[in-house]
Structure formats: C-alpha cells, structure tokens
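Work through the exercises below with the sequence and the structure open. Try each task before you read its solution.

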Amino acid sequence: MNTKQQKLQGSKTKKEIVVALLYDFDGTLAPGNMHEHGFIHQMGLTTEDFWNKSDNLAANQNADSNLAYMWLTLEEAKKLGTKKEDFMSYGKGVKYFEGVESWFDRINAFGKKLGIKVEHYLISSGLSEMVEGMSIYPKFTRIYANRYMYDANGVAYWPARIVNYTDKTQYLYRISKGCLDECDKSVNNRSNEIRVPFKNMLYFGDGLTDVPCMAILQENGGHCIGVYTPHKSKKNAERLIADKRVNIIAPANYSEESAIDKYVKALLQKIKADAELAKLE
C-alpha cells in the first residue's frame, strides 16, 4: 500500500450503524388509551362515554377521529382550566406494560456492545403533553404525537398538530433522512444521504391504524412486531400476521427474556452481521 492509499484509508471515518425502534403508544407500550389513565375520569365520564361521544362527533361531522377526540378533550379541558402541566400530570399516572420502564436502557446497552446506536421514537395518535409527563419521555430521541396550542395564560385552545394513521408514515422518512423537525421541509428533497435505512427500522404496533407504517417498512426491508395485551384477545395481532403486515406477534411484555426482548436482540445481531458482510462484498 503506497503513502497516498494509506492517507485515503486513514481519512475514512467509520460509519455508525444506527437502528431506529419506532413505537405506537396506546395498546403497545401501555394498556388502553393514555386518556383512560386519569383524564377521562377527571372529566366525570366513563371511558365508554368519552369514546362514544368522540366517535359520534367524528361520524356526524365527517371529521378526522383525532380532531374529534382533541376537540372533545379541549371542551372538557376548558371547563377545568387545564394547562399543559395538568396534561403532563395525567401522563405521570400512566401504567405501562411489564418491562417497559427498564426496556430502553437495557436494549441500548445491548446495542452498544454490538457497536450499534439504538434510537427510540414514539409515533402516536395520543397527546404529546401527556407523554412529556411520563417517566419514559426522556428515553425517546423524538416523539411525534397530537398536541395543542396554548394562550398567554397557558391554557390549551386549539390543536397545533395531529398525527393520524396516514400522517404517521411521514415520520418514517423524517427519521430515515435525519430531518427530525416537523417543520423541516427538506425531507421532501431527493437525497442519497440516508441516516437510518428502512432495513434498520423496527416498528411496534397493535392495530389497523399502524398498518400504513408497517406496509412501508415491510415493502422496504424493515421489520414489524404486532403486540397484544397479555391474557386478552389476539385477534388484531393475528390479523396483522395473516395479512403479512408484521414479522411476528408477541404479548406486550418488554421484560428481559420475553419474546419481544429475544426478537429485538436477535434482529440487532442480524443487522450487525449484515453490515459486516457488506464490507466484504
């Protein structure tokens, strides 16, 4: 090897392997919907009453279901004078599936041993403000969820952003290209600079609203897990696997040695091996 070749080789920086784990929230990281962990009862409604009102509003007004529930939430929040910190306090009361709170650090450490940087992203139709009050909020590189605008007194008055089931797909491209800010329009630029290829993404979801994201990843070499609440019906998950939307289905248990834990660790090992093989080709 001549001196010039040695300099060129030395100037190359080792490309970091980044793997993005993408999560729905409701029914995926916690049972039910996040509103059900305190806020609905504070409004004096049952869970069934709230969602019936929301569904009827959406149907009668031909409205997006996310906008319908956000409007209903807003109307009730106005009565209570709800501010952002109040929404955050409801988030603190959310109960997660088993193993969730220790999951992020454990899987990050496993990835680090392999030389992989693991990043976690939440892509949810839940409320961003509630997520910000949760103990797991700092574990995410970025959260994409519905959120409100606030007036000078800090009271919610209008939706700032909604994330419905088709909107979710844009965030796959943002994460892939590294354009994480929702207002960054460069995500639409044609570019060969891909920070996280789809084959290095894994999506966790529990239902049909996750299908658009699952479809994109499955068509582009990515990976998907269909989760279901332990000891309850697996109907939705079984439909996802039958329709080839997911690679596996598993109970929503994130503990060490659980099915999810074993699958994700095996996948990280595969991604590492694929990267090593690519160097030899």
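## Exercise 1: an aromatic pair in the core

F204 and Y254 are both buried. The model is a predicted one.

**Task.** Which class does the ring pair of F204 and Y254 belong to: stacked, tilted or edge-to-face?

**Solution.**
- Step 1. Start with burial: F204 and Y254 each count as buried, which means under 20% relative accessible area.
- Step 2. Take the geometry: the ring centres of F204 and Y254 are 6.2 Å apart, with the planes at 40°.
- Step 3. Apply the cut-offs: centres must lie within 6.5 Å, stacked needs planes under 30 degrees apart, and edge-to-face needs over 60.
- Step 4. Conclude: the planes are at 40°, so the pair of F204 and Y254 is tilted.
- Step 5. Place the partners: F204 is in strand β5, and Y254 is in the loop between β7 (248–251) and α11 (259–280). The pair links distant parts of the chain, 50 residues apart.

## Exercise 2: a second pair and the cluster

**Task.** How many aromatic pairs are there, and which class fits F104 and F140?

**Solution.**
- Step 1. Count: the ring-centre rule gives twelve aromatic pairs.
- Step 2. Classify: F104 and F140 lie 5.3 Å centre to centre with 70° between the planes, and this pair is edge-to-face.
- Step 3. Locate: F104 sits in helix α6 (residues 100–114), F140 in the loop between α7 (128–132) and β3 (142–150). The pair therefore ties together parts that are 36 residues apart in sequence.
- Step 4. Check burial: F104 is buried at 0% relative accessibility, and F140 is buried at 8%.
- Step 5. Assemble: one aromatic cluster is formed by Y23, W103, F104, F140, F204 and Y254.

## Exercise 3: the surroundings of β5

**Task.** Is strand β5 (residues 201–205) enclosed or open, and why?

**Solution.**
- Step 1. Count buried residues: five of the five residues of β5 are buried, so the strand is largely enclosed by the rest of the structure.
- Step 2. Recall the pattern: side chains in a regular strand alternate between the two faces of the sheet.
- Step 3. Sort by face: M201, Y203 and G205 lie on one side of β5, L202 and F204 on the other, and both faces are covered.
- Step 4. Find the neighbours: strand β1 (residues 17–23) pairs with β5 in the parallel sense over four bridges. Strand β6 (residues 223–228) also pairs with β5 in the parallel sense over four bridges.
- Step 5. Name bridge partners: L22 is matched with Y203 in β5, and F204 with I225 in β6.
- Step 6. Trace the connection: β5, helix α9 (residues 211–219) and β6 make a right-handed β-α-β unit.

## Exercise 4: positive phi in loops

**Task.** Where do N62 and E257 lie, and are they buried or exposed?

**Solution.**
- Step 1. Recall the expectation: most residues other than glycine have a negative phi.
- Step 2. Take N62: its phi is positive, near 50°. N62 is in the loop between α3 (47–61) and α4 (65–80). With a relative accessible area of 73%, N62 is exposed.
- Step 3. Take E257: its phi is positive, about 75°. E257 lies in the loop between β7 and α11. At 54% relative accessibility, E257 is exposed.

## Exercise 5: a surface patch

**Task.** Which residues form a nonpolar patch on the surface?

**Solution.**
- Step 1. List the members: M149, Y157 and W158, with about 330 Å² of accessible area together.
- Step 2. Inspect one member: Y157 lies in strand β4 (residues 156–161) and is partly exposed at 39% relative accessible area.

Note on methods:
Residues numbered from 1 in each chain as written. Predicted model: local features only at pLDDT ≥ 70, side-chain atom pairs only at ≥ 80, totals over all residues. Heavy atoms only, no water. Patch = residues over 30% accessible without salt bridge, like charges linked within 9 Å, V, L, I, M, F, W, Y side chains within 5 Å. Areas by Shrake-Rupley, 256 points an atom, 1.4 Å probe, with all protein chains shown as cover. Salt bridge = Lys/Arg side-chain N within 4 Å of Asp/Glu carboxyl O. Helix = DSSP H or I, 4+ residues; strand = E, 2+ residues; numbered from the N terminus. Buried < 20%, exposed > 50% of the residue type's maximum accessible area, 1.4 Å probe, protein only. Pairing = 2+ DSSP bridges. Right-handed = clockwise from strand over helix to strand, strands pointing away. Phe/Tyr/Trp six-rings, centres within 6.5 Å; stacked < 30°, edge-to-face > 60°.
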